[in-house]
Amino acid sequence: MMNIPESAENYLETIFVLSRDGGPVRAIDVANALGYSKPSVSIALRNLRENGHVTVDSGHINLSESGRAVAESMHERHVVISDWLIALGVEPATAHADACKIEHVLSEQSFAAIKFFLKNA
């Protein structure tokens, strides 16, 4: 994994999820999805753009190759961890909230072990 701040990972994952329907992603969409103010999102997007993770063209946000790699990795972690917790009997809302936290701190080794266990369970 790249060493980027947790907040940047959250922004990239959110942009990825919002873009899956094929429509353009705008800053207001990200702000609404995360519950953040538009100015906060604008600052974060500027940082993501400066670090080469997103491009912004006519107000539409697109993930760069590096941004997409981080976003897809975080999204996979979120889905796998959420599904694992739900399978263990955790309520879905709690599982998703916990996965949002765990996905950022779990080592590659532990995540690979969870995926292996789930695949072979």
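**Reading a predicted chain**

Buried residues account for 35% of the 121 residues in the protein chain, and the model in which they are counted is a predicted one.

Visitor: Why is Ser64 called buried?

Guide: A residue is called buried when its relative accessible area is under 20%. Ser64 has a relative accessible area of 17%, which is under that cut-off, so Ser64 is buried.

Visitor: Where in the chain is Ser64 placed, and which residues does Ser64 touch, leaving aside residues up to four places away in sequence?

Guide: Ser64 lies in the loop between β2, residues 60-63, and α4, residues 65-87. Not counting residues up to four places away in sequence, Ser64 touches Gly52, His53 and Val54.

Visitor: What makes the approach of the Ser64 side chain to the backbone oxygen of Gly52 a polar contact?

Guide: The pair of N or O atoms must be within 3.5 Å, with one able to donate a hydrogen and the other to accept it. The side chain of Ser64 reaches the backbone oxygen of Gly52 at 2.5 Å, and that side chain also reaches the backbone nitrogen of Gly67 at 3.2 Å. Both distances are within 3.5 Å, so the distance condition is met.

Visitor: Why is Pro92 called partly exposed?

Guide: Partly exposed covers what lies between buried, under 20%, and exposed, over 50%. Pro92, which is found in helix α5, residues 92-105, has a relative accessible area of 42%, and because this value falls in between, Pro92 is partly exposed.

Visitor: How do you know that β1 and β2 pair?

Guide: Two strands pair if at least two bridges are found between them. Strand β1, residues 54-57, and β2 have four bridges in the antiparallel sense, so the condition is met. One of the bridge partnerships joins Val56 to Ile61 in β2. In this hairpin, which has two residues between the strands, Ser58 takes a positive phi near 55°.

Visitor: How do these strands fit into the order of elements along the chain?

Guide: The protein chain has six helices and two strands, and from the N terminus on its elements run α-α-α-β-β-α-α-α.

Visitor: How do you know that the radius of gyration agrees with that of a compact globule?

Guide: A compact globule with 121 residues would have a radius of gyration near 14 Å, and the protein chain has 15 Å, so the value agrees. Along its principal axes, the C-alpha trace spans about 45 × 25 × 25 Å.

Technical notes:
Residues numbered from 1 in each chain as written. Predicted model: local features only at pLDDT ≥ 70, side-chain atom pairs only at ≥ 80, totals over all residues. Heavy atoms only, no water. Buried < 20%, exposed > 50% of the residue type's maximum accessible area, 1.4 Å probe, protein only. Contact = heavy atoms within 4.5 Å. Rg over C-alpha atoms; globule rule 2.2 N^0.38 Å.
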